[in-house]
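Hi,

Here is the structure I promised to pass on. Have a look at it first, and then read on for what I found.

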Amino acid sequence: MSKFKALGNGTRQPDTSNLTPSHHKFNQPQTSIKMSDGKKPEVNANLIEQLLKKLAMGEELTEKQRKDMKDYKFWKTQPVAKFDEKIDHEGPIDKPKTPADIPDTPYPMLKEFEWVTMDLDQDEQLSEVHEFLHANYVEDKDSTFRFAYSPEFFEWALKPPGWKKEWHVGVRAKASKKLVAFISAIPAKLRVRSKELQTVEINFLVVHKQLRNKRLAPVLIKEITRRVNKHDIWQALYTAGVVLPSPVTTCRYTHRPLNWPKLYDIGFSGLRPGETKASTVAKYTIGSTTKVAGLRPMKLEDVDEVFELFEKFHERYDIVQKFTKPEFTHWMLGDAQQQKLDIKDKIIVSYVVENPETHKITDFLSFYILPFSVLEDSKYDTLNAAYLFYYATDADFGKGDRFSEEATSALTKRLESLVGDGLVLAKNMDMDVFNALTSQDNVLFLDDLKFGLGDGFLNLYLFNYMTFPIKGGLQENNEFDLVNRSGVGVVML
Ligand SMILES: CCCCCCCCCCCCCC(=O)SCCNC(=O)CCNC(=O)[C@H](O)C(C)(C)COP(=O)(O)OP(=O)(O)OC[C@H]1O[C@@H](n2cnc3c(N)ncnc32)[C@H](O)[C@@H]1OP(=O)(O)O
């Protein structure tokens, strides 16, 4: 995961930072956030922009770009699609294996370090992982912002039903016992077009800042692969801001300012040409009351009905997570402790629309809360961000094809009001910004609800599974793709 959730400046400039010829940039963040004047950094912008578009659209890469790609010393040895690979079928890449074919012992580790399995049921170890990520996880290249995951967030993100302790893999320095690297897997069943796959989602790969570029990441990846394979699971889903061989799709981050003056103060947002601070504040002002009749927090008792609505709604996408009901409950409502919390303290916020007359649930919307630490700012230390998570609605059911005029218009209208109310709820929770990707059917409402394109892209990958490209919600010119929208239904943290 979670890669750098681009910190946009509200301008429609493509990010170029991960597309320079040097792969050494790949541990750099995806964005340059100090672009509030809308100017691009000094690079060969045209060339890079073209490359960016090609990558974003999953187009075949040119000879020159292919050469660069060959330098993936680790990734070229792994069962992933090559950039220039002609895909003629969907399915596993490796020949079938069994857990007995997989070594029982961990990969060799440098002698100064040792493998550990982190026990996240122990508060101390949960805090340790939290503190380690807090200090070393994804930040922007100017070290202005860093994800501020909380221990509660990890409880939710790393312990869904079926989680396994041995999939929370750490590396410690032998002498000091300090944690220096981490990677995690959680179980997830996926549907990729018509096929269902038992996979894991890989997330929170991190190496201590002082141990970067020492080829530790490939060892972590091989070790988590071994531990997952031992459970007879051979495919994985992961996302990254960096470009690796080969994205199944690329989505883009968009940001809806809720507290624009603060975003401006800390350098997250800039002024667009021709706009003043006052006009920008006015543009982003939203009310404090929701408008959709029957909107209310989702309760445990709603799970059966929402689950049914969700499954039906999700049939439209090419790649989705096939939740079991307990998983669905976990992801949408959190654990028993989360469910008891006051809304302002929640990590995952889910609402439903209950028709006031029929009492039928017609819509569902969720977002999660993940703040950023604002590093070295005298006025603010936290940027409060909400991320659009899952939604479902019956608005276009029975209106023919998802792309028909009637279905599109009904869905657009409904999502605008539903997500519009989501913005109000988030604002009332003191969020400064609401982030969304161009996945799902999001492009239908992003413009109208004043989400601005961010600088960052998110690439989605499948390990050991060949697929035809999936639409990510962007056209070649980087505008929202209102015609094809996106085939991505799965949301990763
Ligand atoms: C069936 C089960 C399968 C399970 C496994 C499925 C695959 C899971 C894959 C993991 C999904 C993770 C999803 C997330 O969590 S994405 C979040 C990644 N984390 C961060 O960005 C946090 C800050 N950065 C760091 O901690 C380090 O820079 C990391 C750890 C990212 C790399 O450490 P370092 O900078 O010290 O580099 P190195 O010398 O050790 O290694 C260099 C090699 O690593 C390749 N690299 C760099 N970044 C990534 C990346 N984000 N995904 C995959 N590979 C990456 C790179 O191309 C090069 O390979 P190659 O170019 O030579 O080929």
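Which residues does Ser 184 touch, not counting residues up to four places away in sequence? Keep in mind while you look that this is a predicted model. The answer is Leu 158, Trp 167, His 168, Glu 201, Ile 202, Asn 203, Phe 204 and Ile 224. Ser 184 sits in strand S4, and at a relative accessible area of 1% it is buried. One of those neighbours also gets a polar link: the Ser 184 side chain reaches the backbone oxygen of Asn 203 at 2.7 Å.

Now the overall layout. The protein has 493 residues, and 58% of them are buried. Its secondary structure adds up to 12 helices and 16 strands. If you take the contacts between residues at least 6 apart in sequence, 75% of them join residues at least 24 apart.

There are two domains: domain 1 covers 47-245 and domain 2 covers 250-466. Their centres, taken over C-alpha atoms, are 26 Å apart. Domain 1 puts 59 residues into the contact, and domain 2 puts in 40 residues. Together the two domains bury about 4,400 Å² between them, with 64% of that on carbon and sulfur atoms. If you want to know who does the work on the domain 1 side, look at Phe 145, Trp 156 and Arg 191: they supply 20% of the area that domain 1 buries against domain 2, more than any other three residues.

What about polar links across that boundary? The count is 1 salt bridge between domain 1 and domain 2. Arg 193 and Asp 318 form a salt bridge, with their closest N and O atoms 4.0 Å apart. There are also 21 residue pairs in polar contact between the domains, counting pairs with both residues at pLDDT 80 or more.

Several elements give two or more residues to the side of domain 1 that touches domain 2: helices H1 (45-56) and H4 (151-158), plus strands S2 (145-147), S4 (179-192), S5 (195-207) and S6 (235-240). S4 gives the largest share of that side, with 7 residues. That is also the strand that holds Ser 184. Sorted by class, the side of domain 1 that touches domain 2 has 34 nonpolar, 11 polar and 14 charged residues.

Next, have a look at helix H9 (residues 325-333). Of its 9 residues, 7 are buried, so the helix is largely enclosed by the rest of the structure. The buried ones are Glu 327, Phe 328, Thr 329, His 330, Trp 331, Met 332 and Leu 333. After H9 comes Gly 334, with a positive phi near 75 degrees.

Another residue to click on is Ile 369. You will find Ile 369 in strand S11 (residues 361-369), and with 11% relative accessibility it counts as buried. Leaving out residues up to four places away in sequence, Ile 369 touches Phe 153, Lys 346, Ile 347, Ala 385, Ala 386, Met 429 and Met 431. Take Lys 346 from that list: Ile 369 and Lys 346 are 23 residues apart in sequence, and their C-alpha atoms are 7.5 Å apart in space.

Last, some backbone details to check by eye:

- Pro 245 and Ser 246 are joined by a cis peptide bond, with omega at about -20 degrees. Ser 246 lies in the loop between S6 and strand S7 (249-257).
- Arg 215 is not a glycine, yet its phi is positive at about 65 degrees. This arginine, Arg 215, is in the loop between S5 and helix H5 (216-229).
- Arg 485 also has a positive phi in a residue other than glycine, near 50 degrees. Arg 485 belongs to the segment after strand S16 (452-463), and its relative accessible area of 1% makes it buried.

Over to you. I would start with the boundary between domain 1 and domain 2, and then go to the backbone details.

Cheers

How values were computed. Residues are numbered from 1 along each chain as its sequence is written. This is a predicted model: local features need pLDDT of at least 70, side-chain atom pairs count only at pLDDT 80 or more; totals for chains, interfaces and linings use all residues. Side-chain values use heavy atoms; hydrogens and water are left out. Domain bounds come from an automatic or database domain assignment. Contact means heavy atoms within 4.5 Å. Buried area is the accessible area (1.4 Å probe) that two parts lose on being put together, summed over both. A salt bridge is a side-chain nitrogen of Lys or Arg within 4 Å of a carboxyl oxygen of Asp or Glu. A polar contact is a pair of N or O atoms within 3.5 Å; within protein, one must be able to donate a hydrogen and the other to accept it, and residues adjacent in sequence count only if both atoms are side-chain atoms. Helices (H or I, at least four residues) and strands (E, at least two) are DSSP runs, numbered from the N terminus. Ala, Val, Leu, Ile, Met, Phe, Trp, Tyr, Cys and Pro count as nonpolar, Asp, Glu, Lys and Arg as charged, and the others, Gly among them, as polar. Buried means under 20% relative accessible area, exposed over 50%, partly exposed in between (1.4 Å probe, protein chains only).
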